[in-house]
Amino acid sequence: MTPPDAAPATDPGAPAAGLAHVRAEIDAAAEAWNRAPGAVKLIAVSKVFGPDRILPVLEAGHRLFGENKVQEALGKWPALKERFPDAAVHLIGPLQSNKTKDAVGFFDAIHSLDREKLARRIADEIQAQGRAPMLFVQVNTGDEAQKAGVTPDGADAFIETCRKTYGLTIEGLMCIPPADEAPSPHFALLRKIAERNGLESLSMGMSGDYREAVSLGATHVRVGSAIFGERPKPAT
Ligand SMILES: *Cc1c(COP(=O)(O)O)cnc(C)c1O
């Protein structure tokens, strides 16, 4: 048994209620901005949380989830997928190239393609495994030194390399705006880069800004804490 103080006290029904709230907000924003019904997919970001929190969301009928670590996802999702075989899991966090084999073998999408070595490894694994996750190129729209992603200036050339040199199908772009800036200009920049490269999918928007992201064309919003509650801080 987990000691009662190991996790924040929460109502077991909270994740399902959070899911319903976020879904309603997305639908309202989509309607307000004349987006087609169903145009915005909600990725429920379940990183850090265990089956006790994830199951209520699966039982409520939700099937699309996001995880940011390969090992963590491989540890908890195979058992969940035995019960819910149609659940899809997207990798939204950075991918080390030595984990490419596992990532291509398990995830339904990878949102963090951002360098040529990774493009090459992913292409090799798709070939070897006969399984192709959807691919999003991550763009570091704020040009932040500590953040993953190709630079906005380098995005066109990188997308071209992925397509021409490695034969990859790129589904869309992903960004994480700087924490201390208004997100909308970053969402607009991501959309502009996508448009000029003929890409239709935009993975943008998190708990604090998914409504703005929907207004600017997000097709995939990645929402964690607004559904599952605050994540426990890792022990230091
Ligand atoms: C954790 C995470 C999210 C979800 O963040 P919340 O603020 O909890 O909604 C979205 N995208 C990425 C890349 C993340 O790592």
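Serine 207 puts an N or O atom of its side chain 2.5 Å from an oxygen atom of the ligand, which makes a handy place to start reading this predicted model. Arginine 222 and serine 225 also have polar atoms facing the ligand, at 2.9 Å and 2.8 Å respectively. On its own the ligand exposes 390 Å², and 90% of that is buried by the protein.

**Polar contacts with the ligand**
- The side chain of serine 207 is paired with a ligand oxygen atom at 2.5 Å.
- For arginine 222, a polar side-chain atom lies 2.9 Å from a nitrogen atom of the ligand.
- Serine 225 uses a polar backbone atom, found 2.8 Å from an oxygen atom of the ligand.

**The shell and the pocket**
- Around the ligand you will find Val45, Lys47, Ile92, Ile176, Met206, Ser207, Arg222, Val223, Gly224, Ser225 and Arg231.
- By character, this shell splits into five nonpolar, three polar and three charged residues.
- The ligand takes up the space of the largest pocket.

**Aromatic pairs**
- Across the whole structure, a search turns up three aromatic pairs.
- One of them joins phenylalanine 49 and phenylalanine 228 in a stacked arrangement, with 5.5 Å from centre to centre and 25° between the planes.
- Phenylalanine 49 sits in the loop between strand S1 (41–45) and helix H2 (51–59), while phenylalanine 228 belongs to helix H9 (residues 225–228), so this pair ties together parts that are 179 residues apart in sequence.

Definitions and conventions:
Residues numbered from 1 in each chain as written. Predicted model: local features only at pLDDT ≥ 70, side-chain atom pairs only at ≥ 80, totals over all residues. Heavy atoms only, no water. Near = heavy atom within 4 Å. Polar contact = N/O pair within 3.5 Å; in protein donor to acceptor, adjacent residues only side chain to side chain. Areas by Shrake-Rupley, 256 points an atom, 1.4 Å probe, with all protein chains shown as cover. 1 Å grid on protein atoms, 1.4 Å probe; cavity = no way out; pocket = protein on both sides within 12 Å on 5 of 7 lines; lining within 4 Å. Sits in = over half its atoms within 2 Å of the grid points. Nonpolar A, V, L, I, M, F, W, Y, C, P; charged D, E, K, R; others polar. Phe/Tyr/Trp six-rings, centres within 6.5 Å; stacked < 30°, edge-to-face > 60°. Helix = DSSP H or I, 4+ residues; strand = E, 2+ residues; numbered from the N terminus.
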